[in-house]
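Thanks for coming. I have one structure to go through today, so please bring it up on your screens.

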Amino acid sequence: MRTTGYYPGCSLSGGGIELDMSIRALAGAAKVELREIDDWNCCGATAAHNLNHELAVALPYRVLSLSEAQGLKDILAPCAACFSRLKGTNVRLARSPDLAAHMKEIVRLPYGGGVRVINISEFVNMLLAEELAGKLTAPLKGLKAAPYYGCLLSRGEGIIEGDDSENPSSMNAAIKACGCEAVEWNFLTECCGGGLSMSKTGAVVELSNAVLSDAKASGADFIVTGCPMCHSNLDMRQPDIHKAGHGPYNIPILYLSQLLGLAAGLPPKALGLDKHFVDTGAITAQVDRL
Amino acid sequence: MTKTAALAEKIKKITGVQLPECYQCGKCTAGCPMAKYMDLSPNQIMRMLQAGTEASIKDALSSSAIWYCLGCLTCTQRCPKKLDPAAVMDVLREESVSKGIASPVARKILAFHKSFLAVVEQTGRMSEIPLVGLYKLSTLDFFSDLLLGPGMFFRGKLPLKPHLIKGRKEIKRIFSECKSGRRGK
């Protein structure tokens, strides 16, 4: 049985709780043990890198150091933003021994650089290659999915590996394995407005509208994401976007792990599919029909 | 070193970006999803840093542009000189706050980031209720997004009790060391 370190990140016990539920359920179905890093802290997110460049590295450094000390060599960070901050810290520490020494001084913990950070696409692709190979018993035939990478599953020098930053494809195999078609569309790497959701809502409404509108035009039945920020902007803000004179779209936003979970025959409720603002019934009905 | 040269040096030290390398192709601005909201475009910001006069630097640091930047990394990914405008924006934001010349546009954005970090400093993690509470107190913006609260609560997306990590003292110490201003390292 494979064991993987697990960094849920803060959103996954709040706004992004379905991502946590579906990742755990999927790992359970694949018989992969997720071992949560003991006493992990927030990665600092946008707030830290906007306001304090040392804090932006020191907070992820503590997480990486704890993982190493707890013997966790691979850690899954399902939230795209946490993944980017944690792996970005790994990349920066490897490039600059000065920075690594300075962080050791600030955080007062050692870190030898021996932790590999894995994102949701990589995790899902690993499961599909091994534990879940041939085990997707409930394919969602005939549905069209728009794979949405946004910023942090497509960009970042040294952070995103083995994919094309302008036309990424790391979710395609999983979408296909679930019996769905991945549509060709234009906004797969455009920003949803991210962390300005509360402070510049108007701009976020415009950016997220552009994503939803292109997904709709491409004929997608739903959008697939791996980021709680993207999820809440695209799912929760659909009424605001409608009020601003667009849509209505009523297009469900699924986490990649929820899609895989459905195709693996897991109950929608265990995947948190009842927690969305936009009803996911049209997608789950597809499984019920089997 | 003059004050303006010091900023270029700081940018180089933190981000590795050598400002003179930018040849003003404008690709950063062309791909920027927020350019239309900004008072100065990303390539203009880079140009003003290159000019390096006291006035041009002050304009860059007090621009709204640096706050509208989402850190989406499109500019960084596409820069033909492999510069990192998104990381430069981070340094400029930090500098603009420490000099007290942040654009009024930044008021709510800064309030959000500061509320976020205050919660992490005290508890070790972010949780929505204290974050939104602090943010609303500091902006006196009590009514926006009010209807999202119950919707989130009934979907189990608003845990009432924040999680307190064991290493809170450690986190507070890390915050205070990072804030203490052994900056530029």
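In this predicted model, strand β1 of chain A, residues 3–6, runs parallel to strand β2 of chain A, residues 33–36, and four bridges join the two. To find one of these pairings, look at Gly5(A): its bridge partner in β2(A) is Arg35(A). Between the strands, the chain passes through helix α1 of chain A, residues 17–30, and the resulting β-α-β crossover is right-handed.

Staying in chain A, go to helix α4, residues 80–95. Its 16 residues reach 22 Å from the first C-alpha to the last, close to the 22 Å expected at 1.5 Å a residue. Is α4(A) mostly covered or mostly uncovered? Mostly covered: twelve of the 16 residues are buried. Among them are Phe83(A), Leu86(A) and Val91(A), but also Arg85(A) and Lys87(A), so do not guess burial from the residue name; buried here means under 20% relative accessible area.

Now some loops. Glu131(A) sits in the loop between α6 (120–129) and β5 (144–147) of chain A. Its relative accessible area is 17%, so Glu131(A) counts as buried. Leaving out residues up to four places away in sequence, Glu131(A) touches Arg2(A), Ala30(A), Val32(A) and Met126(A).

The loop between α10 (238–243) and β8 (253–255) of chain A holds Pro248(A). The peptide bond leading into Pro248(A) from Gly247(A) is cis, with omega near 5°. Asn250(A) is also in the loop between α10 and β8 of chain A. Asn250(A) is not a glycine, yet its phi is positive, about 50°. Is Asn250(A) buried or exposed? Exposed, because its relative accessibility is 59%, and the cut-off for exposed is over 50%.

Chain B has a positive phi to show as well: Leu73(B), again not a glycine, has a phi of about 75°. Leu73(B) lies in the loop between α5 (65–68) and α6 (74–78) of chain B. With a relative accessible area of 19%, Leu73(B) is buried.

On a wider view of chain B, the domain assignment gives domain 1 (3–98) and domain 2 (106–179). The C-alpha centres of these two domains of chain B lie 29 Å apart.

Last, the interface. 60 residues of chain A are in contact with 56 residues of chain B. Together the two chains bury about 5500 Å², 59% of it on carbon and sulfur atoms. Which three residues supply more than any other three of the area that chain A buries against chain B? Leu51(A), His53(A) and Met198(A), with 14%.

Note on methods:
Residues numbered from 1 in each chain as written. Chains lettered and ligands numbered in written order. Predicted model: local features only at pLDDT ≥ 70, side-chain atom pairs only at ≥ 80, totals over all residues. Heavy atoms only, no water. Pairing = 2+ DSSP bridges. Right-handed = clockwise from strand over helix to strand, strands pointing away. Expected span 1.5 Å × (residues − 1). Buried < 20%, exposed > 50% of the residue type's maximum accessible area, 1.4 Å probe, protein only. Domains from an automatic or database assignment. Contact = heavy atoms within 4.5 Å. Buried area = accessible area lost by both parts, 1.4 Å probe.
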